[in-house]
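Open the model in your viewer and keep the selection panel at hand. We will go stop by stop.

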Amino acid sequence: MDPGFFVVQFLNGLATASFLFMASAGLTIVFGVTRIVNFAHGSFYMLGAYLAYTLAGIFMDAAYGAMSFWGAIFLAAVIVGLLGILLELVVLRRIYDAPELFQLLATFAVVLIVQDLVRMTWGGEDLLGPRAPGLKSFVLVAGRRFPEYELAMIFAGPLVLGALWLLFHRTRFGVLVRAATLDREMVGALGVNQALLFTGVLFLGAFLAGLAGALQLPREPANPYMDVNIIVEAFVVTVIGGMGSVTGAFLAALLIGELQAFGILVFPKITLVLAFLVMAVVLIVRPYGLLGRPQAESHGAARAGAGLAAGTPLQRGFWLALLALLLVLPLFADEYSLKLMIELLIFGLFAFSLNFIMGWGGIVSFGHAAYFGLGAYGAALLVHHFAWPMEGALLAAPLVAGTAALVFGALCVRLSGVYLAMLTLAFAQIVYAVAFQWVEFTGGDNGLIGIWPASWAASRTVYYYLTLAVSLAGIGLLWRFLYAPFGYSSRAVRDSAIRADAIGIDPRYQRWLAFTVSGIAAGLGGGLYVFSKGNIDPEVLAIPTSVDALTMVLIGGVETVTGPLAGAALLTLLKDFVMPLTLYWKMVMGVLILGMVLAFPKGLVGILADRLPALQARPAERERPA
Amino acid sequence: MTLLRVERLHKSFGGFEAVRDVGFTLEAGERLAIIGPNGAGKSTCFNMIGGQLRPDHGRVLLDGEDITGLPPRAVWRKGVGRTFQIAAAFGSMTVAENVQMALMNHHGRARALFPLARELYREEALALLERVGIRDQAERFCSMLAYGDIKRVELAVALAHDPRLLLMDEPTAGMAPAERHALMRLVSAIVAERGIAVLFTEHDMDVVFAYADRILVINRGRLIAEGPPEKVRADREVQAIYLGSTVESPA
Amino acid sequence: MNGGAMLEVEGLVTFYGRAQILFDLALEVAEGEVLVLMGRNGAGKSTTLKSIMGLVRPAAGSVRFRGRELTGLPPFRIARSGVGYVPEERRIFAELTVEENLEVGRREAPPGKEPWTPSRLYALFPNLAELRRRRADRISGGEQQMLAIARTLMGNPELLLLDEPSEGLAPVIVDQMVAALTGLRQHGVSILLSEQNLHFAGRIAERACIIEKGQIRWRGTMQALLADEEVRRAYLSV
């Protein structure tokens, strides 16, 4: 083959790497100092692109030229930096000591809010920005044309790296940031006001994200999806490089950039998967990334954790009444309400399965959608390609998901805290990418259609009863496991792994088993889901599905048994209620989640339990068999 | 009868030799204390016996059986119960459930999916709690307990599988002075009635000299003295390390 | 209370989780003196210093520095009021150079005082001078201890809380440490030192408090302590 082609491909890889690095550097710096995985970093990136679009428009109308263009880029980055300060003051400052889940959800809520703010301000269309004056042409590289702007960008990444190096080694602020990354408390004991330092770090992180987004404008139009797309890539780069390491991020960006440039030649089918595969491999070999350090302590570790009380007669009465209500519901509910109830039951099972490992096992999964979606896809593929009947496909769904959970779980449970959450996310993205790219088998973006229930279950009422029976059976089993030695063992490991190990429990094995059980249950929910919809597409595997489950658990209360069910009901109904009312339901959801995290960290059922002691029996009042 | 034999145990972290060729024996029914300044290697030594750390070389023999390098759960199965310096109980469980958890493991049912855990081995658990004097706290969550009582929960948990050897890392740390003696009297009584052995580290010299049959002194990873309390108290080198004259050359 | 007390600690009660470490502890440090807090390990020495510095929050009691209440303030405020803290584990910033470590500690001196500068500190700790560009995890334990003290001095504290500075140091390094700390006193820095090493303490402190099981059990001059074999046997020896 033509060597010039390879040279150009290599340069393409370098340009990609440069962008990846600029988009990730801020994320890793913010994590290093604050220990918060900031989802809103993607929003900053997107805002950078949109602001640059508007500013460049204004400036270049006033005076066309390079100064106007670069001035717009720089100003956009500065404005985004100021927004970073706002985020620190309003949100992050309140959650530095909160468990990871709260931090992840709070910053994701900001993502939702910003998405709708952007749509309100700039609309949903792609906005193509101006090209950089003076860099519009091509250069000849080994006889091939290579865009000047790309060439310039190849130098931009190392330039930013150099600037950061100078900042971190030649300024007091930079030295303090590095010191705080190593030992926050000691920096405080030496008289440094951490709050100010954190504010400064958020400015820097957001500035870099805004800069990366603004520089992207001449390459690719500003669009409302760029936030989630970039954050996923930035996570990969940050995690591979080692969270908190700027140099690590640079190396990781080079690795991913070149891998994508050449990977597309060798494995054109799996370019999306490739990055996540690399990330999974790196985390398995080096659990803290290329240049990362172990985290001092996980946030969740110090919590006492919730206990389990025996049911009171009042509680049992409540559940029986609810069950009776669910049984007679089809007598007076219309078709639409039944459809909604089916969804609610399925998501109840999904959320319950997540909390089975999260609340009761201390394993924060950020990719639970993988198991729900694999159940759904497993069933759909069996129906579509192999003409399985619904019954068989429904049975296979949890097995497909469970097998994946068994494999992924074995690797995930070796880690803890944020790293574990990131690895679960990576696996979910791998599954998502496969579903997206393997068009012949999965239907790709369009998914699969015509996955309907068997004829006997075709009526909405019958399918409702089927869903009711299966999901309640799933929930009931998990519920029982929580009260059985199995659930106690999981909780023992969550409370104190060292103590659990010293009384005969293998902590990792127990976490692995619980992870697998949870995956099986999620897969069951996925199987029910696909037949209720009649079709499936990769969205079911995407980040928002995982976040939905986390939100349900959070709304209901992590440290409760029934919370996830209440959360699933509330979120499902809320979406159903809010979505038709406003175009901007994401913002409404974002504000609700944010309010929830900041104001009611215990969730709904947690609050109820505090207010109404009868609902959750206190130890003193517990009835005890002799 | 020699219950525990430790031979030339060695562990270094990076270039730092935390424990250097430590060896000793422990007889059934004996209370053996390990003392030494901070960073002397007591906890490292302890964690190598309990399985939390793997020694670089050396052997740990329990009743003649080699248990070197086994993980904690396996060491536990061989009949070693252990308590921790910073008491580790399952905060989300009641006192009784903590002990039941250990009993479920002992009876091989810790992964059962269907029985109600809180009803399993309850009587046995309550009997153990009775023995350590906190039967009246059985229904309280561990997260709400006074620290001294958590130490007793740990003791009950450590006794659940009828161990031959108890490892207690600073059993009285963090307790009020009066509670310390009560706890150690209890431990002594249990050791006597069950004929088991106890190996403990301790900072409180009152406790060490009142309750140890024999004392090992470790400094900079080395065993520097060993013997009954009077002999150790009179040892010049021990005096020196506790009062800080630097008789040793730099590490 | 005599007017000379710079630091006054009263009724200090501190827990770690539910473990009580300090029981109604009281002590004071006078202007310009070196007070040593002696006791065996686990007695509560480090916890006392951390409680004063605000690194653990006492459940009860008060800490006053020059008449100002410190309890409840965040550590950086306490540091800015003139209290410097050198932790037992040193906690130097391993990936920063010696010079950068000093930079982290740098703060304005109170008006009228000559500020500590790296060059003045290199005069006090000569070993550090040639290591200024070296990464802090590539210097010896004794040098790290000196660096930890120098770093805190960069904040120009009037009172230095020193947690077991002699621990794990070779005798020759201990001698250098004694020289440096004696030099500090001449610069008017008061020191509250926690120590297990009686010989080291005897060379720099004027007064001693003995802590045992979270309470001060004995207080007096260093000479009195060195002369009183019974007290030493009771609280410090085995």
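Select helix H12 of chain A and look along its axis. The helix bends by about 30° at A:Leu326. Now add A:Pro330 to the selection: this proline follows within four residues of the bend. Keep in mind that this is a predicted model.

Stay on H12(A), residues 313-332. Put a distance between its two end C-alpha atoms. They are 29 Å apart. At 1.5 Å a residue, the 20 residues should span 28 Å, so the two values agree.

Is H12(A) well covered or hardly covered? Show the surroundings and check. H12(A) is hardly covered: among its 20 residues, the count of buried residues is zero.

Next, zoom out and select chain A as a whole. Colour it by secondary structure. You will find 25 helices and four strands. Turn the C-alpha trace onto its principal axes. Chain A spans about 80 × 60 × 45 Å along them.

How does chain A compare with a compact globule? For 626 residues, such a globule would have a radius of gyration near 25 Å; chain A has 25 Å, which agrees. Of those 626 residues, 57% count as buried. Contacts tell you about the fold as well. Take those in chain A between residues at least 6 apart in sequence: 81% join residues at least 24 apart.

Now show chain B and go to its contact with chain A. The contact takes 28 residues from chain A and 35 residues from chain B. On the chain A side, select H18 (460-483), H19 (485-495) and H20 (497-501); these are the elements that give two or more residues. Which of them gives the most? That is H19(A), with seven residues. Colour this side of chain A by residue class. It has 16 nonpolar, five polar and seven charged residues.

Hide chain B and bring up chain C. Here 17 residues of chain A are in contact with 21 residues of chain C. Select H6 (172-182) and H7 (184-189) of chain A. Each supplies at least two residues of the side that touches chain C. H6(A) gives the most, with six residues. Keep the class colouring on. This side of chain A shows nine nonpolar, four polar and four charged residues.

For a last view, show chains A, B and C together. Highlight H19(A), which gives the most to the side touching chain B, and H6(A), which gives the most to the side touching chain C.

Methods: Residues numbered from 1 in each chain as written. Chains lettered and ligands numbered in written order. Predicted model: local features only at pLDDT ≥ 70, side-chain atom pairs only at ≥ 80, totals over all residues. Contact = placed C-beta atoms within 7 Å. Nonpolar A, V, L, I, M, F, W, Y, C, P; charged D, E, K, R; others polar. Expected span 1.5 Å × (residues − 1). Bend = angle between axes of the 7 residues up to and from the residue. Buried ≥ 20, exposed ≤ 12 C-beta atoms within 10 Å, placed from the backbone. Rg over C-alpha atoms; globule rule 2.2 N^0.38 Å.
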